[in-house]
Amino acid sequence: MPDTAIPAQSHRKVIIASSLGTVFEWYDFYLYGLLATIISAQFFSGVNDTTAFILALGAFAAGFAVRPFGALVFGRVGDLVGRKYTFLVTMGLMGLSTFAVGLLPSYASIGVAAPLLLVGLRLLQGLALGGEYGGAAIYVAEHAPEGKRGFYTSFIQTTATLGLFAALLVVIGLRTWMGEDAFADWGWRVPFLLSAILLGVSLWIRLQLAESPVYQAMKEEGETSKAPLSEAFGRWGNLKWVLVALLGAVAGQAVVWYTGQFYALFYLEKVLKVDGGTANVLIAIALAIGTPFFLFFGWLSDRVGRKPIIMGGLALAALTYFPLFGALTGAANPALAEAQARAPVVVHANPESCSVQFDPIGKTKFDTTGCDIAKSALAKAGVPYTNEDGTYDRNAVVTVGDESYEITPGASSGSLIEAVEAAGYPAKADPAQIDKPMVVAILTALVLLVTMVYGPIAALLVELFSARIRYTAMSLPYHIGNGWFGGFLPTIAFAMVAATGDIYAGLWYPVGVAVLSLVVGLLFLPETFRRSVHHRRADAS
């Protein structure tokens, strides 16, 4: 079937309306991630600092956990009822949930009910987002002329970054205007409450749109699916492409996305001890530099194909993450990098006497063995360390450079902390020593990797599945990949850092997933950039 002809002005309207609405939803979703440090203090203050931050990231990840379920629910509705009305519903649900976060009482006010309510709202946000992205990407792709789908849908791909960028600007502006103390106390609520205004504007914009021409034609001809779930996942001819899309593209894209735009931010704040305001500004600059490359790689994928660009991004990420984050440490906190090189900290202990430094209920004291006392003190001070097996029973020996300190059960860790401070390990990054141009350059390199894998992915997924089941079939692998593989990345990575003491240990997770997708994608992922989006047979792929 030939492309549906629509005027250029309509193309612009479709892109602008779809993109602005999606920017709003990403703004809502990522406010939480940007404010994870403050939220950990507001809602998880009943546990130690390290555990509170990991739990806050866990609540952040809860929104991602339910995204595949939202994809099933709203994807089915999108294939049964239409693209337009489905993403109107998801937008309303997302906006109201975000507004409610700004009204929640803190842990100090109502105790454990506060984090439970917070997680509940995150779950609603995740369900809504599970239906939003697929609708917006499909809507734009089904309007785009042949040969320009990669470029047109790349505008949707910028929305996640633009939403994050918008959230950063609001947070930076409020922090600067009211000061860190007031912002941490109550000002953090304002960005959530402002979303009510954005919700109204975005809903009005979306209401101006007509239904997708591809879906409208199917509906008029009676060719829409009556059972999109069973057609998409009950037939091997379609299910195999769902699996290939997930493992051969989206999982890798997701970990690269969250490493470059979220883990990098958390790494600056929590590992390198850069103050939150400075970290936000540096990330914002890198995003501003890198965002146009979503459009460039979307445009390029219309000419050379989607697959080589995505696979190239995955390969570069796997090869460069460790050196890039190592360089980031040296640029953002040179005192820490110098102390690590000059006086590395090593914990020598019997592995059986060492606990994982994570306590989800806040009751463990980590003081019954020398190993636990040493690691708890080092983790609290933000000092990286390595582990070596020792023949000790319940004692531990910690070496700081050439100096050794024996830690016994019940002993104080004061002398150890004094030793690491004397060795030059900083309590926080010195703003005067941060090489800001270099930090921005490294962060921009990480964002460019994101643009390579993310710019062409929407067009690839739309083209991979038939129009009858497209909303359902593409939404599930996208949201399993980005909701689970990507959304859990900060939590998993920081848990790995806390468990090992190695500030780079968390990078093994995105590198491993990127390599998995690279191998599966090279072997099984087809090239799609010359396919039509009008095919309707459920196993046409």
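Me: Which residue in the turn of the hairpin formed by β3 and β4 has a positive phi?
Reply: This is a predicted model. In it, β3 and β4 form a hairpin, with 2 residues between the strands. One residue in that turn has a positive phi of about 65°. That residue is G401.

Me: Over how many bridges do β3 and β4 pair, and in which sense?
Reply: T399 has S404 in β4 as its bridge partner. V398 stands opposite Y405 in β4. The pairing runs over 5 bridges, and its sense is antiparallel.

Me: What is the order of the strands in the open sheet?
Reply: The sheet has 4 strands with mixed pairing. β1 and β2 (residues 386-389) pair in the parallel sense, whereas β1 and β3 (residues 396-400) run antiparallel. β3 and β4 are antiparallel too. The order is β2-β1-β3-β4.

Me: Which strands stand at the edges of this sheet, and by how much are neighbouring strands turned on average?
Reply: An edge strand here has a single partner, so one side of it is left without a neighbour in the sheet. That holds for β2 and β4 (403-407). Neighbouring strands of the sheet are turned against each other, direction ignored, by an average of 25°.

Me: How many bridges join β1 to β3?
Reply: Two of the facing pairs can be named. V345 has V400 in β3 as its bridge partner, and V347 stands opposite V398. The strands run antiparallel, and the number of bridges joining them is 5.

Me: Which residue of β2 stands opposite A349?
Reply: A349 is a residue of β1, on the side that also carries V345 and V347. β1 pairs with β2 over 4 bridges, in the parallel sense. Opposite A349 in β2 stands D389.

Me: How many residues of β1 are buried, and which lie on each side?
Reply: Strand β1 spans residues 345-349 and is mostly covered, with 5 of its 5 residues buried. Both faces are covered. One side has V345, V347 and A349; the other has V346 and H348.

Me: Why is β3 described as largely enclosed, and which residues lie on its two sides?
Reply: In β3, 5 of the 5 residues are buried, so the strand is largely enclosed by the rest of the structure. Both of its faces are covered. On one side are A396, V398 and V400; on the other are V397 and T399.

Me: Which residues lie nearest the centre of the largest pocket?
Reply: The largest pocket has a volume of about 480 Å³. Its lining counts 23 residues. α2 (36-43), α13 (236-271), α18 (370-381) and α19 (414-422) each supply at least two of them. Nearest the centre lie E269, K273, V274, A427 and K428.

Me: How many residues in the lining of the largest pocket are nonpolar, polar and charged?
Reply: The lining mixes residue classes. E269, K273 and K428 are among its residues. By class, the lining has 13 nonpolar, 2 polar and 8 charged residues.

Me: Where does K273 lie, and is it buried or partly exposed?
Reply: K273 has a positive phi of about 60°, although it is not a glycine. The residue lies in the loop between α13 and α14 (276-290). Its relative accessible area is 22%, so K273 counts as partly exposed.

Me: What is the distance, centre to centre, between Y258 and F262?
Reply: The structure holds 20 aromatic pairs. Y258 and F262 form one that is stacked, with 25° between the planes. Both residues lie in helix α13, 4 residues apart, about one turn of the helix. Centre to centre, the distance is 6.2 Å.

Me: Are Y258 and F262 buried or exposed, and which residues form their aromatic cluster?
Reply: Y258 has 1% relative accessibility, so it counts as buried. F262, at 0%, counts as buried as well. The cluster is formed by W257, Y258, F262, F266, F294 and Y454.

Me: How far apart in space are Y471 and G131?
Reply: Y471 lies in helix α22 (residues 470-486). Its relative accessible area is 0%, so Y471 is buried. Y471 and G131 are 340 residues apart along the chain, yet their C-alpha atoms are separated by 8.6 Å.

Notes: Residues are numbered from 1 along each chain as its sequence is written. This is a predicted model: local features need pLDDT of at least 70, side-chain atom pairs count only at pLDDT 80 or more; totals for chains, interfaces and linings use all residues. Side-chain values use heavy atoms; hydrogens and water are left out. Buried means under 20% relative accessible area, exposed over 50%, partly exposed in between (1.4 Å probe, protein chains only). Two strands pair if DSSP finds at least two bridges between them. On a 1 Å grid over the protein atoms alone, a cavity is a set of points where a 1.4 Å probe fits but cannot get out, and a pocket is an open set with protein on both sides within 12 Å along at least five of seven lines; lining residues have an atom within 4 Å of a point. Grid points are joined across faces, edges and corners, and a volume is the space filled by probe spheres set on the points. Ala, Val, Leu, Ile, Met, Phe, Trp, Tyr, Cys and Pro count as nonpolar, Asp, Glu, Lys and Arg as charged, and the others, Gly among them, as polar. Rings of Phe, Tyr and Trp (its six-membered ring) pair if their centres lie within 6.5 Å; planes under 30 degrees apart count as stacked, over 60 as edge-to-face and the rest as tilted. Axes are lines fitted to C-alpha atoms, for helices over the stretch in contact, and angles run from 0 to 180 degrees between N-to-C directions.
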